[in-house]
Amino acid sequence: MQQGTEKRPPLDPRLDPGRMPRHIAVIMDGNGRWAERRGLSRAEGHEAGARGVRAAIETCRGLGVRALTLYAFSTENWRRSKLEVDALFRLMSKYIRKELDAIHRNNIRVRFLGEMDRLPARAQADLRHCLETTAGNTAMDCCVALNYGGRTEIARAARALCADALAGRVRPEDVDEDAVAARLYAPDLAEVDLLIRTSGEMRVSNFLLWQISYAEIVVTPTLWPDFDQQALCDAVFEYQSRSRRFGGRP
Ligand code: IPE
Ligand code: IPE
Ligand code: MG
């Protein structure tokens, strides 16, 4: 991973630097199919997927995107075999230990979206170390959605509002969109501008339900382990070709 972007040529000359998405969120899907097509195990598919994460972070950093959120494990992914779930968390710990230095050198702040408590102790320790090490970094936020569910996130905000109401800190008439948004996992994050899903599935699978309300959605048939810098630039190019109206008309 290189430091600084100032003197390098643009990653893709087609892209307008003035219209970069501030926040890109990615549903990294298709590791299993990638492995299956090669006669490999699902765990090997996830290994290949993990190798592609660096390219996504580097590319977003190079493009000047302010936040990248990666969907790594959903609240529904516990339904998979214990073998696969264990492999995923082992891989995550390995990835953090391998990449943390480069992430930190590049001034990237890692953030966590999800319910940390249910994760294996080892994964929690590695994650906390990563979050603490990078807490002061300012170039880009890289948010990891792990044991994350959009409905859980909103329900949790509702619970926090109820507690505040019972304690007399909030009146029912004060409960508006800002009050809910302020109680999400990362309240200061910009809304998602561009939501990318790899491997062709046309669904959001419980990802960032609140934050994607006006996101532009790009679904690509490319499987996550094959999703490289060019593929990400292509998605941003498509984003820049869209007319964002937010319900109004120019
Ligand atoms: C996405 O790849 C990674 C995670 C959900 C952790 P999948 O494992 O869902 O891959 P497919 O959908 O089976 O191909
Ligand atoms: C969504 O992918 C979750 C992650 C990429 C972490 P899934 O593969 O779990 O989603 P479904 O089951 O196809 O909806
Ligand atoms: Mg999948």
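User: In this predicted model, which strand gives the largest share of the shell around ligand 2?

Analyst: The shell of ligand 2 includes Tyr71, Ala72 and Phe73, and the strand that spans residues 67-74 contributes three residues to this shell. The largest share of the shell therefore comes from a strand, as strands are defined by DSSP runs, and its name is strand E2.

User: How do the residues of the shell around ligand 2 divide into nonpolar, polar and charged?

Analyst: Among the residues that surround ligand 2 are Ile27 and Met28, together with Asn77, Asp29 and Arg197. Ile and Met count as nonpolar, whereas Asp and Arg count as charged and Asn falls among the polar residues. Sorted in this way, the shell holds five nonpolar, two polar and four charged residues.

User: What is the distance from an oxygen atom of ligand 2 to an N or O atom in the side chain of serine 205?

Analyst: Polar side-chain atoms also approach oxygen atoms of ligand 2 from arginine 80, at 3.2 Å, and from arginine 203, at 2.8 Å. For the side chain of serine 205, the distance from an N or O atom to an oxygen atom of ligand 2 is 2.6 Å.

User: Is aspartate 29 buried or exposed?

Analyst: Aspartate 29, one of the residues that surround ligand 2, lies in the loop between strand E1 (23-27) and helix H1 (31-37). A residue counts as buried under 20% relative accessible area. Because its relative accessibility is 17%, aspartate 29 counts as buried.

Methods
Residues are numbered from 1 along each chain as its sequence is written. Chains are lettered from A and ligands numbered from 1 in the order in which they are written. This is a predicted model: local features need pLDDT of at least 70, side-chain atom pairs count only at pLDDT 80 or more; totals for chains, interfaces and linings use all residues. Side-chain values use heavy atoms; hydrogens and water are left out. A residue is near a molecule or strand if one of its heavy atoms lies within 4 Å of it. A polar contact is a pair of N or O atoms within 3.5 Å; within protein, one must be able to donate a hydrogen and the other to accept it, and residues adjacent in sequence count only if both atoms are side-chain atoms. Helices (H or I, at least four residues) and strands (E, at least two) are DSSP runs, numbered from the N terminus. Buried means under 20% relative accessible area, exposed over 50%, partly exposed in between (1.4 Å probe, protein chains only).
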